[in-house]
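Okay, thanks for squeezing me in. I'd like to walk you through one model and a few of its charged residues, so let's put it up on the screen.

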Amino acid sequence: MSDTIKLHDLDFAQLINVLDTCKGDVYLETDEGDVLNLKSKLCQMMGLANVLNGAKVSEATIRCTDPEDESKLFRFNLYGEVPGNNQ
């Protein structure tokens, strides 16, 4: 599986739900060199604040320490699947 996941048309609340099911750390790395641990509630709040202020990340890499987490995030991005959410 690719180590780059480009997120698009994202429901931030659902992303947080997926992140809460991840076992390992999940990092968002931007081309500008910023690295946020998305498992951190503080980083999640910072991300939400940026979304509400209209900030946009043009391209970023999601890096997971657990391969199962990478699969979850890939499926969420591609199919909108949220673990434990019967759609």
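Let me start with a lysine. Lys23 is exposed, because its relative accessible area is 58%, and the cut-off for exposed is over 50%. One caution before I go on: this is a predicted model.

So what does Lys23 form a salt bridge with? The partner is Glu68, and the closest N and O atoms are 2.8 Å apart. That pair ties together distant parts of the chain: Lys23 is in the loop between helix 1 and strand 1, Glu68 is in helix 3, and they are 45 residues apart. Glu68 counts as partly exposed, with 46% relative accessibility.

Now stay in that corner and look at Asp66, in the loop between strand 3 and helix 3. This one is a bit of a puzzle. Asp66 is buried and yet has no salt bridge. How far away is the nearest side chain of opposite charge? That side chain is Lys23 again, 5.0 Å away. A salt bridge has to be within 4 Å, so at 5.0 Å this pair doesn't make the cut. What Asp66 does have is a polar side-chain atom 2.7 Å from the backbone nitrogen of Glu68. Leaving aside neighbours within four places in sequence, Asp66 is in contact with Lys23 and Gly24.

Next along is Asp69, in helix 3. Buried or exposed? Asp69 counts as buried, at 0% relative accessibility. A polar atom of the Asp69 side chain lies 2.9 Å from the backbone nitrogen of Lys23. So, to pull Lys23 together: the side chain bridges to Glu68, while the backbone nitrogen has the Asp69 side chain at 2.9 Å. Beyond the neighbours within four places in sequence, Asp69 is in contact with Cys22, Lys23, Gly24 and Cys64. And Asp69 and Gly24, which are 45 residues apart in sequence, have C-alpha atoms 7.1 Å apart.

Let me zoom out for a second. The protein chain has three helices and three strands, and reading along the sequence you get α-β-β-α-β-α. There are 87 residues, and 30% of them count as buried. If you take contacts with a separation of 6 or more, 70% of them come from residues 24 or more positions apart. The accessible surface is about 5,800 Å², and carbon and sulfur atoms make up 51% of that.

Back to the charges. How many salt bridges does the structure hold? Three, and you've already seen Lys23 with Glu68. Another one is Lys41 with Asp20, where the closest N and O atoms are 2.8 Å apart. Here too the pair links distant parts of the chain, with Lys41 in helix 2, Asp20 in helix 1, and their positions 21 residues apart. Lys41 counts as partly exposed at 45% relative accessibility, and Asp20 counts as partly exposed at 44%.

Then there's Arg75 with Glu81, which meet in a salt bridge at 2.9 Å, N to O. Arg75 counts as partly exposed at 35% relative accessibility, and Glu81 counts as partly exposed too, at 33%.

While we're around helix 2, have a look at Gln44, which lies in that helix. Gln44 is buried, because its relative accessible area is 4% and buried means under 20%. Which residues is Gln44 in contact with, leaving aside its neighbours within four places in sequence? The list is Phe12, Ile16, Leu19, Asp20, Leu38 and Lys39. You'll recognise Asp20 there as the salt-bridge partner of Lys41.

Now compare that with Met45, also in helix 2. Met45 counts as exposed, at 55% relative accessibility. Together with Leu42 and Met46, Met45 makes a nonpolar surface patch of about 320 Å².

Last stop is Arg63, in strand 3. Arg63 is partly exposed, with a relative accessible area of 37%. Outside its neighbours within four places in sequence, Arg63 is in contact with Asp25, Val26, Tyr27 and Glu29. For Glu29 in particular, the sequence separation is 34 residues, and the C-alpha to C-alpha distance is 7.6 Å.

If you rotate one thing yourselves afterwards, I'd pick the view around Lys23, with Glu68 as its salt-bridge partner and the buried Asp66 5.0 Å away. Okay, that's me done, happy to go back to any of these.

Note on methods. Residues numbered from 1 in each chain as written. Predicted model: local features only at pLDDT ≥ 70, side-chain atom pairs only at ≥ 80, totals over all residues. Heavy atoms only, no water. Helix = DSSP H or I, 4+ residues; strand = E, 2+ residues; numbered from the N terminus. Buried < 20%, exposed > 50% of the residue type's maximum accessible area, 1.4 Å probe, protein only. Contact = heavy atoms within 4.5 Å. Patch = residues over 30% accessible without salt bridge, like charges linked within 9 Å, V, L, I, M, F, W, Y side chains within 5 Å. Areas by Shrake-Rupley, 256 points an atom, 1.4 Å probe, with all protein chains shown as cover. Lys, Arg positive; Asp, Glu negative; His and termini not counted. Polar contact = N/O pair within 3.5 Å; in protein donor to acceptor, adjacent residues only side chain to side chain.
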